Amino acid sequence: MTRWVREIYKRGGYVYATRAMEIAKGAGCPRIARLASNENPSPPSPAVVAAACEAVKGANRYPPENQWELLAALKALHPDEHLVVGAGMDGIIEAVIRTLVEPNEAVVIATPTFSFYGIAAGAQGARVVSCRRELDFSVSVPAFLSACRGAKLAFLCTPNNPTGNLTPPETVAEILEGMDGILFLDNAYVEFSDLDYRPLLRKYDNLVIGRTLSKIHALAGLRLGYALVPAWLDPFMERAMTPFAVSVVAAAAGAAALGEAERAKAYAAHVARWRDRFAREIRWKVHPSGANFVLVDVAPMTGTRAMERLAARCVLVRSCASFPDLEDHYLRVSIGDDWENELLIREINAL
Ligand SMILES: *Cc1c(COP(=O)(O)O)cnc(C)c1O
């Protein structure tokens with residue numbers, strides 16, 4: 001029967017970081033430091049949980065066409081922008097490709113980066129064109145623009161997953177000036193940096209900014225993301241979105257979580273403090289990061305081996321072996337609770 005399965009899924013798909021958890025469970029860890037998925041270590045607040053519970057009482061009904069509470073909360077944060085919401089930024093990424101790209105058209109990706117752009121583009125029949133970042137993981141504008149020639153859509157992640165580095169807004173502006181198509185700027189981690197790319201939306205009508213509630217807003221399990229889009233694109237993306245993709249529970253919890261600015265700020269400050277401590281106290285090379293994780297170079301060990309050894313010591317981190325165009329000697333380490341971070345420093349230095 002497998003002959004009916006598309007080639008792309010016979011070759012592979014999204015790689016989940018499940019191996020570390022299996023090893024840690026096998027090792028009988030009393031508690032496990034979960035630093036593999038860039039999640040907020042704190043559960044949602046009681047107010048967010050209450051909003052979600054209230055919403056589930058109406059779950060016999062389909063979500064309303066416009067989820068006003070969620071949209072109002074987003075509008076309060078982004079008063080000048082056009083917004084599209086979806087089931088995680090992952091849902092938004094798929095919808096942007098659906099809206100713009102015909103089969104066999106090129107989609108450009110600045111690698112190494114988040115693998116889902118390539119998977120989603122390939123799944124919709126696009127031709128994926130990788131443009132490798134420089135050795136310090138910065139983006140070369142001439143190289144990127146040359147890869148983008150004739151392409152309708154390109155993906156650029158800043159702060160970049162898994163490398164953590166930022167592409168300055170001026171560089172993004174240069175790219176927007178020079179490219180023929182749309183730039184999808186993935187800002188999943190932007191709240192952990194001090195950069196704001198939204199002013200570019202005022203100047204360029206070929207920019208889409210992706211955001212998520214999975215990271216700073218602590219709702220990874222509810223699947224909620226959104227995009228800031230140019231006015232002209234908004235109605236077409238709405239047509240391409242999966243109907244009712246955002247559940248009533250996600251919308252209610254999201255609206256409540258977006259209102260907790262102080263909580264988000266405190267978490268971002270915690271992340272910034274620990275990023276500095278990681279850079280100072282980890283004995284391996286720690287790359288500069290504007291996100292809630294850092295990239296650690298464990299050469300001459302492979303990332304996979306280092307991940308396995310840390311997992312056996314009850315610390316889950318992500319091996320970067322599955323990221324396209326990245327050699328296998330890196331770990332991506334999320335910033336967690338204090339005890340998790342302390343344990344990580346101790347164990348990674350003992351490798
Ligand atoms: C986590 C992440 C996302 C989005 O995640 P969702 O949970 O689907 O909103 C998007 N891009 C990058 C680079 C990420 O790391």
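**View 1. F155 is a buried residue that pairs with another ring.** F155 has 0% relative accessibility and so counts as buried (under 20% relative accessible area, with over 50% called exposed and values in between partly exposed, using a 1.4 Å probe and protein chains only). F184 is likewise buried, at a relative accessible area of 0%. This is a predicted model, where local features need pLDDT of at least 70, side-chain atom pairs count only at pLDDT 80 or more, and totals for chains, interfaces and linings use all residues. Residues are numbered from 1 along each chain as its sequence is written, and side-chain values use heavy atoms, leaving out hydrogens and water.

**View 2. Eight aromatic pairs occur in the structure.** Rings of Phe, Tyr and Trp (its six-membered ring) pair if their centres lie within 6.5 Å; planes under 30 degrees apart are stacked, over 60 edge-to-face, and the rest tilted. One of the pairs, F155 and F184, is tilted, with 5.2 Å centre to centre and 45° between the planes. Ring pairs also join F114, Y117, F155 and F184 into a cluster.

**View 3. W274 and F278 meet edge-to-face.** Their centres are 6.0 Å apart, with 65° between the planes. Because W274 and F278 are four residues apart in helix α12 (residues 261-281), about one helical turn separates them; helices are DSSP runs (H or I, at least four residues) numbered from the N terminus. Both W274 and F278 are buried.

**View 4. Two arginines lie over ring faces.** R283 sits over W284, 4.3 Å from the ring centre, and R332 over F293, at 5.8 Å. Such a charge has NZ of Lys or CZ of Arg within 6 Å of the ring centre and within 35 degrees of the ring normal.

Notes: Helix = DSSP H or I, 4+ residues; strand = E, 2+ residues; numbered from the N terminus.
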